[in-house]
Amino acid sequence: SLLWLLGAMGANTSQVSDLSESQSIRTLIGPESISENEPFWNQLISFTFTSPTCSGDAKLLEEVVVPLAKTLIENNPRSGNFGSLVRVFLGRTKELKISTECQDQLFIWQAHNALFLVRCLLKVFIREISEEELHLQFSYQARAPGTYESNCEDLLEELICNLVHLIVEVPLLDITYNILFEAVTTLLVLLSYQLFQKDILREGRIYRYLTRGRCLSLTSRLVKTLLYNFIRQEKCPPPAHIFQPQADGGGLLYGLASGVASGLWSVFTLGGAGSKAGVEQEQNPLPLSNQSLLLLLVLANLTDGPDCPNPFKQAVTCFKNTQDTSSIPSPQPHTFQINFNSLYTALCEHQRSDQATLLLYTLLHQNPNMKTYVLSRTDMENLVMPILEILYHVEDRNSHHVYMALIILLILTEDDTFNRSIHEVLLKNISWYTERALTEISLGSLLILVVIRTIQFNMTRTRDKYLHTNCLAALANMSAQFRCLHQYAAQRIISLFALLSKKHNKVLEQATQSLQRPLGADDNTAALPDYVSVSTSSEEEGEVQAQDLSVIEEVIRMLLEIINSCLSNSLHHNPNLVYALLYKRELFEQFRSHPSFQDIMQNLDTVIGFFSQRLEQAGTDLSVERVQEVIKKGAVALPKDRLKKFPELKFKYVEEDQPEDFFIPYVWSLVFNSAVGLYWNSQGIELFSMDSP
């Protein structure tokens, strides 16, 4: 039969290998040219197939397709069959919109199958041949071997424009879900040249077709559609909805019976029909949503061309809310309107995935309209809680996801209204916070707890200075507005200080020891702390320790500034912090005369001295409640001018120079790891090392 059934999940490999045995496929990849109006093409694209959504099936499919595609690369210059297949697909898409309106499922199904074949072959072509050679593969036509017409239409550009048109024009319905998924996936595959290059690609034919020329006018519609695909989170349609017999008794099944052998009829569905129900489907029940988000991130992170900025990035930075009725026309190109409320809800619900967190970062950092909207929400906890949960599970997340979550917090804490309002939101019983039962805590105090926990995790494990800096910057931004800190949050601030001073003393001691060691003594006798690398000479070792000391002192200084900022701006709102400070006051003794901390210690000394005196006057053996009462009264009595004023602590997130060196490998690592139904062999991937996220 000309129908070949490629195994559904759990099917045995022999069914997949039927693909290489299929006579139609053999003819397609063979040396003989097949003219476009032959019935062969209709038969070729009338197969029934379960498209893989799980990586196991995608790998199986890839392994079968590779040798077939390589044979086609050899024979296509003579046969031109690849170009003919592309033209068969293009011919069918012209009527797709009408087919959708007429519910002509057979037509959509065949167009989908043709595109699926094109995508599978393209994926291997891109791995095997350069972009210029790929362009040639599109242009070969059946003539004398190896000749082609240079004046014929550019079929690659035609395909790309057609896919963009399809995504923006064809409405998302049960019967169009799969072809829309396939169109998004094919664009992702066409852009995958980047995976096989160590350097960031800044030019290229596919890049030009997408960012200039005929596709340019569709930029805002493509970005908007991809965003709505993410927002809608449509599940894969159940098999029953894909092909339904027409009510008049003729219709689809009749058409199939006459057009193709219906003996092997089974339903086309993404990852589903007749397979182990739902296991993989549950893991990724939203293939179109996921794939659209990945494509959007890839497009938005393309580099600017030498003479033209990336239009997709422009569209992402300037779109507006549908509720925004201001009549001022936007000066930026590619602007459009989208429902911010729906986008905000989708972002809140999907922060577990790297790609949704990366989208949130991109919008907060680059789109001022979206940033203003997010900060105006009165339900910020819905967004902040999932971000805190990412940070809380820092050991299970890749470092890039943690960075993005932290930078999002840093961007939010640049806003004083945010810093005030988070202390007014009360949360009850946070199930994921397992170190201690928190029956009731403000969002602000929880944020402080999670950020401090991230710093402590970083001190013991990753020791990443960049992580420290961002954590402390977020706390510093919030510090002047700390309100009614939970006693546990106040304790953790002071115990972080205790941990840092202990570490400081340890490094100081070792630095002193290594200076006193006689020359020629064995360099490695001193037990080095785990964060100092064992070096070969005392001189180098001393340098490392001096460096460590300055980093720790920098962090201590910043933490003291955070405590000081809270005390000088809102002491009367934070009796729990004063209590924790008094309880551990001996910790601060050693830093009083230290030249790096003298100025900042003055205020802490004043506060400790003032409250210690009041407690002495209140008598001995005071209960906790009595101490708290003395502190509350004292806080009101302490004259404001007794505390020295320091400049306000404010940090702003600024993207590094050449951010593409970080973001492009990151985005493609997400495509590599979580694109639905796409499997790449890790050999030959040059853009990132395989142990990166």
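**Notes on the predicted model**

1. Let me start with a cluster of charges: Glu203, Arg208 and Arg212 are joined in a network of salt bridges. Keep in mind while looking at this network that the model is a predicted one.

2. The overall make-up, for orientation. The chain carries 31 helices and 4 strands. Of its 693 residues, 55% are buried. Among contacts with a separation of 6 or more, 75% are between residues 24 or more positions apart. The accessible surface is about 29700 Å², and carbon and sulfur atoms hold 51% of that.

3. On confidence, the mean pLDDT of the chain is 83, and 83% of the residues score at least 70. Two stretches deserve a flag. Residues 240-282 stay under 50 in pLDDT, and the model gives them 78 contacts beyond four places in sequence. Residues 520-536 are also below 50, with 31 contacts in the model beyond near neighbours in sequence. Where pLDDT is low, the predicted coordinates should not be read in detail. I'd treat the contact counts of both stretches with that in mind.

4. Back to salt bridges: the whole structure has 24 of them. A good one to open on screen is Lys123 with Glu62, at 3.0 Å from N to O. Lys123 sits in helix α7 (residues 105-128) and Glu62 in helix α4 (residues 55-79), so this pair ties together parts 61 residues apart in sequence. Are the two partners buried or exposed? Lys123 has a relative accessibility of 4%, so it counts as buried. Glu62 is buried as well, at 11%.

5. Next, Glu414 and Lys371, whose closest N and O atoms are 3.7 Å apart in their salt bridge. Glu414 is in the loop between α21 (399-413) and α22 (416-421), while Lys371 is in helix α19 (residues 368-376), so the bridge ties together parts that are 43 residues apart in sequence. Lys371 is partly exposed, with 22% relative accessibility.

6. A third bridge joins Arg557 and Asp599, with the closest N and O atoms 2.8 Å apart. This one links distant parts of the chain too: Arg557 belongs to helix α26 (residues 538-570) and Asp599 to helix α29 (residues 598-617), 42 residues apart. Both ends are partly exposed, Arg557 at 22% relative accessibility and Asp599 at 27%.

7. Staying in helix α26, have a look at Glu561, which is also placed there. Its relative accessibility is 19%, and the cut-off for buried is under 20%, so Glu561 counts as buried. Which residues does Glu561 touch, leaving aside neighbours within four places in sequence? Those contacts are Ile600 and Leu649.

8. Glu157, in helix α9 (residues 155-169), is one I'd check by eye. Glu157 is buried yet has no salt bridge, and the nearest side chain of opposite charge is that of Arg214, 4.4 Å away. A salt bridge needs the nitrogen and the carboxyl oxygen within 4 Å, which is why this pair is not counted as one. Leaving aside neighbours within four places in sequence, Glu157 is in contact with Tyr209 and Arg214.

9. Helix α23 (residues 443-460) is an easy one to follow. Its 18 residues reach 26 Å from first C-alpha to last, close to the 26 Å expected at 1.5 Å a residue. This helix is mostly covered, with 17 of the 18 residues buried.

10. Two residues stand out for backbone geometry. Gln233 has a positive phi of about 50° although it is not a glycine. Gln233 lies in the loop between α12 (219-232) and α13 (251-259), and is buried at a relative accessible area of 15%. Asn429, again not a glycine, has a positive phi of about 45°. This residue is in the loop between β3 (426-428) and β4 (440-442). With a relative accessible area of 57%, Asn429 is exposed.

11. Last, a loop position: Thr378, between α19 and α20 (381-392). Is Thr378 buried or exposed? Its relative accessible area is 77%, so Thr378 is exposed. How far is Thr378 from Ile422 in space, C-alpha to C-alpha? The distance is 9.9 Å, for two residues 44 apart in sequence.

Methods
Residues are numbered from 1 along each chain as its sequence is written. This is a predicted model: local features need pLDDT of at least 70, side-chain atom pairs count only at pLDDT 80 or more; totals for chains, interfaces and linings use all residues. Side-chain values use heavy atoms; hydrogens and water are left out. Buried means under 20% relative accessible area, exposed over 50%, partly exposed in between (1.4 Å probe, protein chains only). Contact means heavy atoms within 4.5 Å. Accessible areas come from the Shrake-Rupley method with a 1.4 Å probe; for residues, only the protein chains shown count as cover. pLDDT is the predictor's confidence in each residue, from 0 to 100. The expected span of a helix is 1.5 Å times one less than its number of residues. Lys and Arg count as positive and Asp and Glu as negative; His and the chain ends are not counted.
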